[in-house]
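Here are my notes on this one, as promised. Have a look at the model first, then read on.

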Amino acid sequence: MNCGVQIEQIAPLVEQACDRCGAPVGPHLDTSEGCSYCKTERFLFKRAIALGKYQGPLREIILNLKQNHGAHLGGDLGSLLFQRNRETFEKLASSLIIPVPLHWTSRLHRTHNPASIIAEALSGRLQAKYSGNILAKRKRTPAQTSLTPSNRRKNLRDAFAIRRRKRVAGQTILLVDDVMTTGSTANAATRVLLDAGAAEINVAVIARAPGL
């Protein structure tokens, strides 16, 4: 894959997405207060932005990205995410870009964190500072896909910690991950960033997979 590939070949355009959680929704809906996927959720991040739906070619590329041989895909995906949402990203005026971290045990058998590669690509495009060592995952958690929404929230309780609180204070942060399903992971990370004094958190992901 390269940046010359048409975005629509990889991630067909979502005609309308929820302003709050990034999920694809029907036309002409006011989603400023959320949509059917998130209106009952107490999200602490302001909004979420996605390249496309977690399906088809985009899903296959993300699954490859997670493998050790697929690290090179992250930069291109980050660039495509920026291209499709450039105006929105620029309006957010993010001052710091942070990836959702992996637990250290996950790094024993994985050469890279997909979220870090995507975040670095966005940092270059947005000319905003990147930091991969501010947010840490201190608790190993079971795979979220096997859990109910309520158990996903419990699973992530106290899972994240801040290493450098002073670098977070007053910042408008773009939190980056590869996929967002229920938003529980992003919300748990957002909580600790806000507790450390961040001014605002927005979320950027390659794919949105509501309802899984």
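The points below cover the cores and the strand pairing.

1. Ground rules: this is a predicted model, where local features need pLDDT of at least 70, side-chain atom pairs count only at pLDDT 80 or more, and totals for chains, interfaces and linings use all residues. Residues are numbered from 1 along each chain as its sequence is written, and side-chain values use heavy atoms, with hydrogens and water left out.

2. The largest nonpolar core (buried Ala, Val, Leu, Ile, Met, Phe, Trp, Tyr and Cys joined through side-chain atoms within 4.5 Å) has 33 residues, and L135, F160, L175 and L193 have the most contacts inside it. Elements giving two or more residues to this core include β5 (160-162), β6 (172-180) and α7 (184-195); helices (H or I, at least four residues) and strands (E, at least two) are DSSP runs, numbered from the N terminus. The largest share, 5 residues, comes from α7.

3. Beyond its neighbours within four places in sequence, F160 is in contact (heavy atoms within 4.5 Å) with residues including L135, A188 and V192. A second, separate core of 30 residues includes L80, L81, I97 and V176.

4. Now the strands. β7 pairs in the parallel sense with β1 over 5 bridges and with β6 over 8 bridges; pairing takes at least two DSSP bridges between two strands. R208 in β7 is the bridge partner of K53 and of M180. The β-α-β crossover from β6 through α7 to β7 is right-handed (clockwise from the first strand over the helix to the second, with the strands pointing away from the viewer).

5. Finally, 8 of the 9 residues of β7 are buried, so β7 is largely enclosed by the rest of the structure. Buried means under 20% relative accessible area (1.4 Å probe, protein chains only).

Technical notes. Buried means under 20% relative accessible area, exposed over 50%, partly exposed in between (1.4 Å probe, protein chains only).
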